[in-house]
Amino acid sequence: MDDEEYYLSLIPKPQPDRYKPRMISQPIKQVLAKYGVAHEQAHHLREEIWRKIVGEKLAADSRLGHLRRGSLLVLIRNHVVLQEFHLRKRSIITALRDNGMTDIQNLTFKVEVF
């Protein structure tokens, strides 16, 4: 090994990627997801849009359930309101998509006392 190679070997190697600076938004998103805050925010946003689309009266007689595989469960207070939702189902889905809820493909209704 000549002198040049020896001195080049003394130069410290670059640090691994974990020491590279990251945007602060990435760790914040991870913490929010870990504690379920992001899920709660999405649910509250869904409820706001729901009230805007169906109106206060129908929103008071319904509660949003879980969203699974593109199907949003809606809990309905009674069968009269259930019939109204069945009649408006297609227009509600279209309005939800127009308001940014593109992950909702279907609405499932269930009568439940609350």
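Here is a short chat about helix α5 in this predicted model.

Me: Before we start, what should I keep in mind about the model and its numbering?
Reply: This is a predicted model, where local features need pLDDT of at least 70, side-chain atom pairs count only at pLDDT 80 or more, and totals for chains, interfaces and linings use all residues. Residues are numbered from 1 along each chain as its sequence is written, and side-chain values use heavy atoms, with hydrogens and water left out.

Me: Thanks! Where does α5 run, and how far does it reach?
Reply: α5 covers residues 79–98 (helices are DSSP runs of H or I, at least four residues, numbered from the N terminus). Its 20 residues span 28 Å from first C-alpha to last, close to the 28 Å expected at 1.5 Å a residue, that is, 1.5 Å times one less than the number of residues.

Me: Where is the kink centred?
Reply: On R88, at about 60°. The bend is the angle between axes fitted to the seven residues ending there and the seven starting there.

Me: And what's at the ends?
Reply: N78 caps the N-terminal end, with a side-chain oxygen 3.1 Å from the backbone nitrogen of V80. Just after α5, G100 has a positive phi of about 95°.

Me: Switching topic, which α5 residues are buried?
Reply: V81, L82, F85, K89, I92, I93, A95 and L96 are buried (under 20% relative accessible area, 1.4 Å probe, protein chains only).

Me: What does I92 touch?
Reply: Leaving aside neighbours within four places in sequence, I92 is in contact (heavy atoms within 4.5 Å) with W50, I53, V54, F85 and L107.

Technical notes. Helix = DSSP H or I, 4+ residues; strand = E, 2+ residues; numbered from the N terminus. Buried < 20%, exposed > 50% of the residue type's maximum accessible area, 1.4 Å probe, protein only. Polar contact = N/O pair within 3.5 Å; in protein donor to acceptor, adjacent residues only side chain to side chain.
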